[in-house]
Amino acid sequence: MLQSRMGNFMSTSAGRFSNQTYIQFIQTTCPYCKMAKNVFNQIGASYKVIELDEHHNGQQLQEALAQMSGARTVPRVFVNGQCIGGGSDTRQLHEQGKLLPLIEKCNPCCLNNASEGSGSGQYTS
C-alpha cells in the first residue's frame, strides 16, 4: 500500500496536502516544471511546490507519485487532490480554457494570491 511505503510522511502529511488546492511536485532544474509554475503564476493562483530533488524523502515521494498517477516524470500537478498531469498537460488545459474552471471549483480564495509559488520543497509536518 502507498501509505505503508511512504511511512510517517504520508500519514502525517496527507491531510495537509488535501488542504492545499494546487500542489506541484517538481525538480528544480526541470523546464517542464517551470512551465507548470508559469501557468499558475499567469492565472494568479497560489500553489504549493514540493521540490523532489531537494526533499529528504524525494525519491520515496517520486515512487509514490508514479504509483498514484501512472507517471514517474515531473512535474506532477494536482488540483484538488486529482493529478492533472505534467507541464505540457497543465499548459494545454490552460490554453483550452479548462484549467481555470478546475481551479475555481476548488477554492476561490486561492486565486489572485499568488507569489512565485509557496514553499521551499522542504515540507515539514
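The legends below describe close-up views of a predicted model.

**View 1. The four-stranded sheet of the predicted model.** Strands β2, β1, β3 and β4 lie in that order in an open sheet with mixed pairing. The edges are taken by β2 (48-51) and β4, each of which has a single partner strand, so one side of each lacks a neighbour in the sheet. From one strand to the next, the twist averages 25°.

**View 2. Pairing of β1 with β3.** The two strands are antiparallel and are joined over four bridges. Q24 has V77 as its bridge partner in β3. For F25, the bridge partner in β3 is R76.

**View 3. The aromatic pair F25 and F78.** The structure contains two aromatic pairs. In the pair shown here, the rings of F25 and F78 are arranged edge-to-face, with 5.8 Å centre to centre and 80° between the planes. F25 belongs to strand β1 (residues 22-26) and F78 to strand β3 (residues 76-79), so the contact between the rings ties together parts 53 residues apart in sequence. Both partners fall under the 20% limit for burial: F25 is buried at 6% relative accessibility, and F78 is buried with a relative accessible area of 7%.

**View 4. Side-chain directions along β3.** R76 and F78 point one way from the strand, while V77 and V79 point the other way. All of these residues are buried. Two of them have already appeared in the views above: R76 as the bridge partner of F25, and F78 as the ring paired edge-to-face with F25.

**View 5. The hairpin of β3 and β4.** Strand β4 (residues 82-85) runs antiparallel to β3, and three bridges join them. V77 has G85 as its bridge partner in β4; on the β1 side, V77 is the bridge partner of Q24. Two residues lie between the strands of the hairpin, and N80 takes a positive phi near 55°.

**View 6. Helix α4 against the sheet.** Helix α4 (residues 58-69) lies across β1, β2, β3 and β4. Relative to β3, helix α4 runs at about 65°.

**View 7. Helix α6 against the sheet.** Helix α6 (residues 99-106) lies across β1, β3 and β4. The angle at which helix α6 runs to β3 is about 50°.

Technical notes: Residues numbered from 1 in each chain as written. Predicted model: local features only at pLDDT ≥ 70, side-chain atom pairs only at ≥ 80, totals over all residues. Heavy atoms only, no water. Phe/Tyr/Trp six-rings, centres within 6.5 Å; stacked < 30°, edge-to-face > 60°. Buried < 20%, exposed > 50% of the residue type's maximum accessible area, 1.4 Å probe, protein only. Pairing = 2+ DSSP bridges. Axes fitted to C-alpha atoms, helices over the stretch in contact; angles between N-to-C directions. Contact = heavy atoms within 4.5 Å.
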